[in-house]
Amino acid sequence: MKQSAERVYVKVNIDFDATGYMLPRTIIWNDGRVFKIDAVKDFRPASSLERGRSGDCYTVVIHGEERHLFFERAGELFASRFGRWFVECPAKGC
């Protein structure tokens, strides 16, 4: 049985390379915890079907463990907002 997961929106510090590719560097939780991203192993488009939004999934390495970090693009209604980052946590919490 698949565990239910909830989205936890987080702050992410990123760099942009010369081609415009976003490279996440750190994840900052609302409680102030900071996690350095050691590597980005994979990147792929990923949409949020239940919300009808496009986005991306980054497979990142933090302390030697692979995690998924998602970028959810803002809709056209929010011209001043590009998007936001989230991680999926088990219902029991991260």
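One aromatic cluster is formed by Y21, F43, Y58, F71, F82 and W85. The model is predicted. In total, the structure contains eight aromatic pairs. One of them joins Y58 and W85: the ring centres are 5.4 Å apart and the planes meet at 50°, so the pair is classed as tilted. Y58 belongs to strand β5 (residues 55-62) and W85 to strand β7 (residues 83-90), so this contact ties together parts 27 residues apart in sequence. Both partners fall under the 20% limit for burial. Y58 has a relative accessibility of 1% and is therefore buried. W85 is also buried, at 7% relative accessible area.

Two arginines place their charge over an aromatic ring. The charged end of R84 sits over the ring of Y9, at 3.6 Å from the ring centre. The charged end of R33 sits over the ring of W29, with 5.1 Å to the ring centre.

W29 also appears in the lining of the largest pocket. This pocket holds about 430 Å³ of space. Its lining comprises 17 residues, and those closest to the pocket centre are W29, R67, V87, E88 and C94. Strands β5, β6 (65-73) and β7 each supply at least two lining residues. The most comes from β6, which gives six residues. By class, eleven residues of the lining are nonpolar, five are charged and one is polar. Strands β5 and β7 thus recur: they carry Y58 and W85, respectively, and both contribute to the lining of the largest pocket.

Key:
Residues are numbered from 1 along each chain as its sequence is written. This is a predicted model: local features need pLDDT of at least 70, side-chain atom pairs count only at pLDDT 80 or more; totals for chains, interfaces and linings use all residues. Side-chain values use heavy atoms; hydrogens and water are left out. Rings of Phe, Tyr and Trp (its six-membered ring) pair if their centres lie within 6.5 Å; planes under 30 degrees apart count as stacked, over 60 as edge-to-face and the rest as tilted. Helices (H or I, at least four residues) and strands (E, at least two) are DSSP runs, numbered from the N terminus. Buried means under 20% relative accessible area, exposed over 50%, partly exposed in between (1.4 Å probe, protein chains only). A charge sits over a ring if NZ of Lys or CZ of Arg is within 6 Å of the ring centre and within 35 degrees of the ring normal. On a 1 Å grid over the protein atoms alone, a cavity is a set of points where a 1.4 Å probe fits but cannot get out, and a pocket is an open set with protein on both sides within 12 Å along at least five of seven lines; lining residues have an atom within 4 Å of a point. Grid points are joined across faces, edges and corners, and a volume is the space filled by probe spheres set on the points. Ala, Val, Leu, Ile, Met, Phe, Trp, Tyr, Cys and Pro count as nonpolar, Asp, Glu, Lys and Arg as charged, and the others, Gly among them, as polar.
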